[in-house]
Protein chains: 2
Amino acid sequence: MLTTQRRALISARLARDGEIVAKRMADELNLSEDTIRRDLREMAAEGLLKRVHGGALPLAPPLPNFAARQEIAGDVKWRLGRKAAAMIEAGQTIFLDGGTSNAEIARALPREMPITVITHSPTIAAELERHEAEVILIGGRLYKHSMVATGAATIAAIAGVRVDLFFLGVTAIHPAHGVSTGDFEEAAVKRAILGQAAEIYVLATAEKFGAVSPHRVAGIADLTGFIVPEETGAETLAPYEDADIAIVRA
Amino acid sequence: MLTTQRRALISARLARDGEIVAKRMADELNLSEDTIRRDLREMAAEGLLKRVHGGALPLAPPLPNFAARQEIAGDVKWRLGRKAAAMIEAGQTIFLDGGTSNAEIARALPREMPITVITHSPTIAAELERHEAEVILIGGRLYKHSMVATGAATIAAIAGVRVDLFFLGVTAIHPAHGVSTGDFEEAAVKRAILGQAAEIYVLATAEKFGAVSPHRVAGIADLTGFIVPEETGAETLAPYEDADIAIVRA
DNA sequence: ATATTTCGTGCAATATCGTGAAGAGTCAAG
DNA sequence: CTTGACTCTTCACGATATTGCACGAAATAT
């Protein structure tokens, strides 16, 4: 990435998000924080932004949607996505399930990390247009409610891949009933993917705990771990910690 | 390689990728960086690009990628999309190729029409989220420049379907050389789809006529027809009308 | 009050730049 | 056919830019 482009990206981010966090930006671009801080310093000297401790702010007030972005639950999923993306190492192959949470992972993936991403969701694939990752699209009949491919062709295609990490999306997590989802076909596809993955993580926002959906995907013990929001209470998680799975906080 | 050709290539790359990295370009052409740098310097002096440390950037608001092309696509493609959509009848199965033109067809499809849409483009599939159509997604390795699946898995999946109508996207249309595109794998996939389609139409904006791209997809006689903008001149189309194909105006 | 994070600076390693000189090829006049 | 002017390319080299790391200082968090 050329220096000029990096600065342009910083400007764009600043306009869109209303802030730059030096550390995040460094992570995302796989550069040292020094480089980013230097950019911010020099751009501040040129009067392009306002330097603050930890990052930078725009000179002009940010776009209106920023306030909304901060407040809504989107922020929680965004943090979960960041955390999940941070667990991925260069060279790995990962499977991204459908859903908004996993779309956040796709957005949070460092752009220049050499990885392979497999997905059966056209929406997720579309998110990865500008990433360097090799993307493998799994086909099948499109189930529009979740925007993922399902059916026999999908199951068959999944049988042909192996992945290091699977980020599973579900609608419900229960200590006794395991993780479950609302569609029969979709559950079958998720189970097929489970069989091909070395590690399985579930992105879990608080409201999913204790819920049960019609179609079971897996038991708690079949998972490697959960990724939960920082503020998820101990009472909520207590029943799951016995299952000897990792709980990663974001 | 002639200097003129090299410069043309640089311009093309810049338009497509949105950046030139001097070292990469030198490697690719087996030339010294000096030569490339000199080109960049002089092209910058002529006002053709913006020289930056490490390479060059386009002058104009950049944007090579699919999303941007989609935005500037504009009115002509919208009208072609409308016309193409009007040719589809209830109950039919159609295959939508990738590309901005076909994305317009997807947008123009009547929402409640009972049809089956097959596509190997996640972007097109995403467009159809709110449509009633049954959508079959063809998987494979994602070729990001065009945002379509390619490769052996794609070809195999295509072999399992039959369609009434195929809307083929190409970058060039020539009376003698037929229709062609820029990527080898992509061309192979398009040929595979051709074999499964009863009728084949090409959405053709004026600038494609008379052009030739590296990888041939089909001859003019293999097509059922073109869909062209209303204002496309008779001189442009004359060489193609002999081939006894339908030319549908939008 | 103490621990942690972030900052700025200096420095060394590397990458890229521009310039000038040398080598290779082209072409036309002699 | 040869010579010389011209162009294009590569190489050499000193100058400049960029990046990552180390370290003490400042800011922030606990």
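**Exercise 1.** Which of the 18 residues around DNA strand C come nearest? Then describe the surface they belong to.

*Solution.* The model is predicted.

Step 1. Arg37(A), Gly54(A), Arg37(B), Arg51(B) and Gly54(B) come nearest to DNA strand C, out of 18 residues around it. On the DNA side, 67% of the strand C atoms within 4 Å of the protein belong to sugar and phosphate.

Step 2. Sort the residues of this surface by class. The split is 10 charged, 6 polar and 2 nonpolar.

Step 3. Assign elements. In chain A, α3 (33-45) and β2 (50-52) each supply at least two residues of the surface near DNA strand C, and α3 (33-45) and β2 (50-52) of chain B each do so too.

**Exercise 2.** Find polar atoms of Gly54(A), Gly54(B) and Arg51(B) that lie within 3.5 Å of a phosphate oxygen of DNA strand C.

*Solution.* Take each residue in turn.

- Gly54(A): a polar backbone atom is 2.7 Å from a phosphate oxygen.
- Gly54(B): a backbone N or O atom is 2.9 Å from a phosphate oxygen.
- Arg51(B): a polar side-chain atom is 3.0 Å from a phosphate oxygen.

**Exercise 3.** Trace the open sheet of 9 strands and locate its edges.

*Solution.*

Step 1. Write the order: β8(A)-β7(A)-β6(B)-β5(B)-β4(B)-β9(B)-β12(B)-β14(B)-β15(B), with mixed pairing.

Step 2. Read off the edges. β8 (148-150) of chain A and β15 (246-249) of chain B each pair on one side only. Neighbouring strands are turned by 30 degrees on average, direction ignored.

Step 3. Examine the chain A end. β7 (residues 140-143) pairs antiparallel with β8(A) over 3 bridges. Leu142(A) has Ala149(A) in β8(A) as its bridge partner.

Step 4. Add the helix. α9 (residues 184-194) of chain A lies across β7 and β8 of chain A, at about 90 degrees to β8(A).

Terms used
Residues are numbered from 1 along each chain as its sequence is written. Chains are lettered from A and ligands numbered from 1 in the order in which they are written. This is a predicted model: local features need pLDDT of at least 70, side-chain atom pairs count only at pLDDT 80 or more; totals for chains, interfaces and linings use all residues. Side-chain values use heavy atoms; hydrogens and water are left out. A residue is near a molecule or strand if one of its heavy atoms lies within 4 Å of it. A polar contact is a pair of N or O atoms within 3.5 Å; within protein, one must be able to donate a hydrogen and the other to accept it, and residues adjacent in sequence count only if both atoms are side-chain atoms. Helices (H or I, at least four residues) and strands (E, at least two) are DSSP runs, numbered from the N terminus. Ala, Val, Leu, Ile, Met, Phe, Trp, Tyr, Cys and Pro count as nonpolar, Asp, Glu, Lys and Arg as charged, and the others, Gly among them, as polar. Two strands pair if DSSP finds at least two bridges between them. Axes are lines fitted to C-alpha atoms, for helices over the stretch in contact, and angles run from 0 to 180 degrees between N-to-C directions. Contact means heavy atoms within 4.5 Å.
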